[in-house]
Amino acid sequence: MADNNFDVIVIGAGPGGYVTAIRAAQLGLKTAVVEREHLGGICLNWGCIPTKALLRSAEVYRNMQHAKSFGLSCEKPSFDLDAVIQRSRGVSKQLSGGVGHLLKKNKVTVINGEAKFDGPKKIKVEGKDAGTYTAKNYIIATGARARSLPGLEADGKVVWDYKKAMTPDKMPKSLVVVGSGAIGIEFASFYHTMGAEVTVVEIMSQIMPVEDKEVAALAQKMMTKDGMKILTEAKVANLKRNADNVVVTIETKDGKKQELTVDRVISAVGVIGNTENLGLETTKVKVDRNVIGTDEYSATAEPGIYAIGDVAGPPMLAHKAEHEGVICVEKIAGVKGVHPLDPRKIPGCTYCHPQVASVGLTEAKAKEAGYDVKVGKFPFIGNGKAVALGEAEGLVKTVFDAKTGELLGAHMVGAEVTELIQGFVVAMGLETTEEDLMHTVFPHPTLSEMMHESVLDAYGRAIHF
């Protein structure tokens, strides 16, 4: 490349990185992004997007199996696993190409290779576009990878990580999923729906540990009713790997052990930031347990070097990375009115069956923080649209500050709640009070009416239940 000097170089082209690069270019900054593997990062190529494509196939398959309850006929529904996977990979390929188009459209230079700092003022890139590059500002957006625990290391054969779980060569008849965070429970949901006998092992006292206890409990109840096996306060004590199956020893909190022989094991015990091999030791950047230390505007301890997204710590969510990056680069560019991202207003979504979504404080966390709370709840069974959809199980829960009427948190489980949650996110962003929400007109018949009813219930005014 003729000119290797830039205003901003973003390291990593995942959702945080490419969005940041595009916004930097829009602000008139000469911008480059370095990517060692594929545009869109893990999220687009091996995470958020392809898993949703798989889960959509599972959702359609589930509906086919229940066609009779809708007055329809679908004799002996079946699926072609290769076609399901090919659709998922095709969706990712299409969107990855779209990222390349957006970067080109915004005149962002793409540097193909792996970047490493050589002191705080320059990077060296190895790969297709090898060379030395300099910038006034560097933004690290290298994301995260699957965490591996001793004894649970993925081998690509009988113990899978997320990549292998998305591209299986055959459908296992049985499997154990270790970990019930978003990644684990989504895979458990997919494979269970497609016919596998699934056992989830979670070391914490509830599945989806970051979620509201009541919502997680209802989700677990719905999953077990559907035939999934879930073991909480349990851990995998040992794995015996055979040619085509695994003997899993599971130990519960009280010390009792049981053995399960399953076709495959999926390890989903969290993710860890990609901070290695970046040459950060040649800078003042601080790293603690694979998390880069930053301030509220993503600045590190080294002037001119920033970090966003998973590598800068939880919550490890694509949308958090995108917004962090935009805030970071707008601060660099001197945009007026930039303010830090409020972590309490970042929604979380899990696309299992049933879906789970939330924003803000759980009831327990609100009480721990010293709030006197008012809690509203509304069940799906009281909503006409939910009943018409054949999705009458679920719950919408809202948590308010009893003194001020501030919406502290919202938590949902049931059909399409990952689409509904944004209504509460907007409300929190606008500092909407309970009175504002109660006076808001919600369209009928919609699932969103349950949001209204949950607010009303917090103040003893629910109508339909």
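Along strand β5 (residues 122-126), which side chains point to one face and are buried, and which point to the other and are not? The side chains of β5 alternate. Ile123 and Val125 point to one face and are buried, while Lys122, Lys124 and Glu126 point to the other face and are not buried. Keep in mind as you explore that this is a predicted model.

## The chain as a whole

Let us step back and look at the whole protein chain. It has 13 helices and 24 strands. Its radius of gyration is 24 Å, close to the 23 Å that the globule rule gives for 465 residues, so the chain is as compact as a globular protein of that length. Along its principal axes, the C-alpha trace spans about 65 × 60 × 45 Å.

How much of the chain is hidden from the surface? Of its 465 residues, 50% count as buried. The chain exposes about 22,000 Å², and carbon and sulfur atoms supply 52% of that area. There is also a number for how the chain folds back on itself: among contacts with a separation of 6 or more, 62% are accounted for by residues 24 or more positions apart.

## Around strand β5

Now back to β5, which has a partner in β4 and another in β6. Strand β4 (residues 114-117) pairs with β5 in the antiparallel sense over four bridges, and glutamate 114 stands opposite glutamate 126 in β5. Strand β6 (residues 131-140) also pairs with β5 in the antiparallel sense, over four bridges. Here the bridge partner of isoleucine 123 is tyrosine 133 in β6. Recall that Ile123 is one of the buried residues of β5.

Both pairs are hairpins, and the table sets them out.

| Hairpin | Residues between the strands | Glycine in the turn | Positive phi of that glycine |
|---|---|---|---|
| β4 and β5 | four residues | glycine 119 | about 85 degrees |
| β5 and β6 | four residues | glycine 127 | about 130 degrees |

## A parallel sheet with a helix across it

Strands of a sheet pair through backbone hydrogen bonds, either parallel or antiparallel. The parallel kind appears in an open sheet of five strands with the order β8-β15-β9-β10-β11. Its edge strands are β8 (159-160) and β11 (229-231), each of which pairs on one side only.

At one of these edges, two bridges join β8 to strand β15 (residues 264-267), and the two run parallel. Valine 159 has valine 265 in β15 as its bridge partner. Helix α6 (residues 182-193) lies across β8, β9 (174-178), β10 (197-201) and β15, running at about 165 degrees to β10.

## An antiparallel sheet

Which order do the strands take in the open sheet of five strands with antiparallel pairing? The order is β20-β21-β24-β23-β22. β20 (348-350) and β22 (373-379) stand at the edges with a single partner strand each, so one side of each is left without a neighbour in the sheet. From one strand to the next, the twist averages 10 degrees.

Further inside the order, strand β21 (residues 356-360) and strand β24 (residues 407-413) pair in the antiparallel sense over five bridges. Serine 358 has histidine 411 in β24 as its bridge partner.

An unreviewed UniProt entry gives the annotation "domain: Pyridine nucleotide-disulphide oxidoreductase dimerisation" to residues 346-454. Over residues 346-454, the chain is 33% helix and 27% strand, and the end C-alpha atoms are 20 Å apart.

## Two residues in loops

Two loop residues make a good pair to finish with. The unreviewed UniProt entry lists His444 under "active site". Histidine 444 is placed in the loop between α12 (434-438) and α13 (449-458). Is histidine 444 buried or exposed? Its relative accessible area is 64%; exposed means over 50%, so histidine 444 is exposed.

Aspartate 310 is placed in the loop between β19 (305-307) and α8 (318-333). With buried meaning under 20% relative accessible area, aspartate 310 is buried because its value is 18%. Leaving aside its neighbours within four places in sequence, aspartate 310 is in contact with Gly143, Ala144, Met316 and Leu317. The C-alpha atoms of aspartate 310 and threonine 142 are separated by 7.7 Å, and the two residues are 168 residues apart along the chain.

Definitions and conventions: Residues are numbered from 1 along each chain as its sequence is written. This is a predicted model: local features need pLDDT of at least 70, side-chain atom pairs count only at pLDDT 80 or more; totals for chains, interfaces and linings use all residues. Side-chain values use heavy atoms; hydrogens and water are left out. Two strands pair if DSSP finds at least two bridges between them. Axes are lines fitted to C-alpha atoms, for helices over the stretch in contact, and angles run from 0 to 180 degrees between N-to-C directions. The radius of gyration is taken over C-alpha atoms; the globule rule is 2.2 Å times the number of residues to the power 0.38. Buried means under 20% relative accessible area, exposed over 50%, partly exposed in between (1.4 Å probe, protein chains only). Contact means heavy atoms within 4.5 Å. Accessible areas come from the Shrake-Rupley method with a 1.4 Å probe; for residues, only the protein chains shown count as cover. UniProt positions are given in the numbering used here, feature names are shortened, and annotations may be inferred rather than shown by experiment.
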